[in-house]
Amino acid sequence: MLEKWYQNSKIPVFLFFAISVMLLYFGRNFNSESNNNGKSLCYTIEVFYPGMSGSFLEREITLPLENNLSSIKKISEIRSVSEDNKVSINIYFEKGADKMASFCNLSNAIDDFYGSTNHPIQRPSIYFSDSNISPDFLYAIYKDDVNKNLETKVDKEFLPLLEGLKNVSKVLSLGNDLKEVIVAYCNDKLLSVKINPNDLAAAIQKTNPFNSSISLESKYSLERMNVLTKFPELAQLSELQIRINNQYIKFNELASFGFKEKEKEEIVKLNGKNCIEIEIWATNTANKIFLSKQIQEKFDAFFKTGEYVVLHDSGKEQFESLKKISFALIQSLVLILILIPLIFRGEKILCPIIMFFISSLVWTIFLLSALKIGINHFVIAGISISLGINVDPILMISELKSGKSNNEFLRELKKVIPTLISSIGTNLIVFIPFFGAENLVPGISILITSMILMSVISFFIALVFFPWILLQKKNVKFKMANGNFGTKNFVFNRRISIFIYAALILLSFVLLVSMEKDSTLKMESNIISASLEYNPEKMKEYIDEKVLKIVEEIKKEEGIEDVLTVCRKGNCQLSIKYNKKKLKKKNIKNITFKLNELVKEGFIFIDDGLTENNGKHCMEIAIEGKDPMECRKIAEKAVTKFKDIFGVEEVVLNFKSPEKNIELIPKYDFLRYYGSSPVEFGQTLYWNMNTPVIDKYKKNKTEYDVRIKEIKSADLTLDNMLNKNILIGENLYKITDCVSTNYKEEIGNLYRKNSRDCAYCSVYVKSSEVKKVKKKIQKIMEEMQMGEGYTYSFDRQTMDFEENCKTITIFFFVAVILLFILLTALNEKPFSSLLILSIIPASFAFPLGIKLFRNSCLCLGDFMGMALSAGIVVNNAILIESNGLETNYKSIFITNITTIIGSIPVLLTDSSGYIKDLSFHMMFSSIAALIISFVLFPYVVMNFKKYIG
């Protein structure tokens, strides 16, 4: 059948071009989707309630909302933070949970909560992202006196453009000075006519409702009528006469109406200059490269060059990684094309080899595109790494034609087809287990898919079309000299060879078992993040003044491009952007040392974002219980013991010291006697002390908050506040007559995990020490007497760390077992299969030894590289065991040398992650396998030939 096919003069050519045209047509629309479908779903819910403390929000918002969320299935973890004015809840779903169903369930739970609450809050916001991680895109916009209208334009015009982009989950702006309407009243005037501020606010709300409507419901329809009570101009509201205490008074006699800049909670500066920070989070499955371009277009259209700075762009970083890998692919391609002429003579044979080699590459890319698989850096890396493997069938078939007639060539081809099938089978079967690692290593399934398709297509072209070309050629010669590779040419005798071979196998197993494992995915960044923690009472202005001096010193360092500071009460976040080319890794440590020296007050925590041979892993321990203060005490006691554990580099308490608060305790008998109550007294104080939002004002399609605020003649200290008059019933009394004072420490931010109060601490350890440190921490926590109802738990990443290491090791051994089953099925000789598989550990001793010498732990990429290279080194053993080295030395040489050449460019790229580790093992395992196949393995086969049969 094959002979008839090869001898047909037209159909093979027609079919080849027909397939090419179909693939070009259906795969013409390229995309670069992330394809990271293995990520677990994470949503963030945010609730804002200005003027309320964290303890109030936990009781009134967090607990009821968590109760509604608890009934949703497939939630693996709920984490919440209740702080002043805001509640944030992170919901993590189990891997494999349906995105749409999860979102709908969350929305229904939020609607149920919102419909049942009596508090005047806006509907909770829900985002498809994790608020605990850094934003995917970080921009800063300079602002000065010239562009004072910039803040309003950014908030009202520009941010909606970003929020409207597909796959944008959340947009947050900091540092923008927005306008609001301030109703400034004089407390003495109000008290002279016996009016409390809350009465004035209620009057404004009644006379200027933001949304006043009536619904008329009949049997078949529902009509809505809007009551036009809003004032188009503030002057009309200012002149309004209101009836209070049986008298009419104009608003302008009691208060003034005017626009004023909204007081910000933070001071945001870039390189010491005022700016607006814009943080953008993408959805978990977003195409960040495409999204990056869209965001950049919006900025370029809205701002001039130099008005904004890009501090972080994950889409651009992915694109740069794609370019590096693509360049590595081109390098691999060029190196292999240079190698081919060194092996084969004559343009007549070189042109078909190169043409079919490139055809397999093009077919793979267009087939992936036709299957709607994004051509991203995982795909390009898979193709680049497998180039050397997949050129082998074409080169091996070309070798068969060297100096043979067409009939001789066809006879030899029939003999070698089982070997080719065995070769492709051993290369493909090791891929199968790692499809289950997508949840562990996002993108690995796409990388493996590209390698499988490349292998199958190369084999298909080599077997179906390439021999037809060779049959049209004459006098095809193989350039390599036919040397005698018999055993007499080897230096080692049989016993020494077997001893060395056995030692390599033993060494490989010892290294594999003893070397530390690391299941974390390492990523490099050009951002040094630092957090400066001050006493909770320190104002943002004070912190900003201190931090500006630090920024000036940091900016003097070569390679530092921008420094962004966000100062809040008691805290400052620094983001230091550096140039990777100018600031080398070894110099980044100097920056971190300098930061520690410059900080004279407060505590600083620095994350330099570096990836080292032994990366860092953050173990987050949550102390859970009934009382948050007790949880904090246990955490503080625990960290003192964690510091002494070997392998622990840093320990951080993830909470501040309690804030000093003043309690005003109402005199109940006094208030009752004069016709008031603690609730009324508390409300009156609230309106006096806070500047709450009481209404909305709309003008020129812009919505402004309306706040009520007292005109203060002096700074509000405790003494002059207590000496203020307040209306109790019909008379005026000083506040100090109505209350007693008490000083008390109160927690600022309240943390909860899985519906229990908790306190967090972070332990930073070397990735290679995670398992040991975790056991020691468990021992310490078990020995501590925490009390009934209190327990501890690790974060999800730490809990999965050891399991992930075991899983990836199991995947590797499953791949080897599948190889054994395949070989045994083909040759029906179990001992022969074991002998062939023995070359795998022997070849791995070399790369594992290099890892040990570099003091590196075994990462996810190492195990995948070992599994994928196992298929290559096994092919060497198959050829030697079946036909001897003399017959197959050329094929062995070609297979390994092309794999080595194909892996070099990927290995030499300055990218990080498991792709580099994978190519490392592909390269060095092939080098070791080439040496072992030529020097040691033939003796092993000869010695055990009688057992093989």
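In this predicted model, the count of salt bridges comes to 20. Three of these pairs are described below, followed by a network, the nonpolar cores and a helix crossing.

One salt bridge joins D136 and K288, whose closest N and O atoms are 2.9 Å apart. The two residues belong to distant parts of the chain, 152 residues apart: D136 is in the loop between strand 4 (125-127) and strand 5 (137-142), and K288 is in helix 10 (residues 288-302). D136 has a relative accessible area of 9% and is therefore buried. K288 likewise counts as buried, because its relative accessibility is 15%, under the 20% limit.

A further salt bridge is formed by the side chains of K724 and E710, at 2.5 Å from N to O. Here K724 occupies the loop between helix 24 (718-722) and strand 26 (725-728), whereas E710 is part of strand 25 (residues 702-710); the pair links distant parts of the chain, 14 residues apart. K724 counts as buried at 16% relative accessibility, and E710 is buried with a relative accessible area of 11%.

D917 and K851 also form a salt bridge, with 3.4 Å between the closest N and O atoms. Because D917 lies in helix 32 (residues 914-935) and K851 in helix 29 (residues 839-853), the pair ties together parts that are 66 residues apart in sequence. Relative accessibility is 17% for D917, which counts as buried, and 5% for K851, which counts as buried too. In addition, E77, R79, E620 and R796 are joined into one network by salt bridges that share partners.

The nonpolar interior was examined next. The largest nonpolar core comprises 122 residues, and Y501 and F937 have the most contacts inside it. Leaving aside residues up to four places away in sequence, F937 touches Y501, L835, I836, S838, I839, A877, I880 and I932. A second core, separate from this one, has 33 residues, including I634, V648, C758 and V773.

Helix packing is illustrated by helix 13 (residues 377-390) and helix 16 (residues 444-464), whose axes come within 8 Å and cross at roughly 35°. This crossing of helix 13 and helix 16 is right-handed. Helix 13 contributes F378, V379, A381, G382, I383, I385, S386, L387 and N390 to the contact, and helix 16 contributes I446, L447, S450, M451, M454, S455 and S458. Classified by residue type, the contact of helix 13 with helix 16 contains 10 nonpolar and six polar residues, and no charged residues.

Notes:
Residues numbered from 1 in each chain as written. Predicted model: local features only at pLDDT ≥ 70, side-chain atom pairs only at ≥ 80, totals over all residues. Heavy atoms only, no water. Axes fitted to C-alpha atoms, helices over the stretch in contact; angles between N-to-C directions. Helix = DSSP H or I, 4+ residues; strand = E, 2+ residues; numbered from the N terminus. Left-handed = near helix turned anticlockwise from the far one by under 90°. Contact = heavy atoms within 4.5 Å. Nonpolar A, V, L, I, M, F, W, Y, C, P; charged D, E, K, R; others polar. Core = buried A, V, L, I, M, F, W, Y, C linked by side-chain atoms within 4.5 Å. Buried < 20%, exposed > 50% of the residue type's maximum accessible area, 1.4 Å probe, protein only. Salt bridge = Lys/Arg side-chain N within 4 Å of Asp/Glu carboxyl O.
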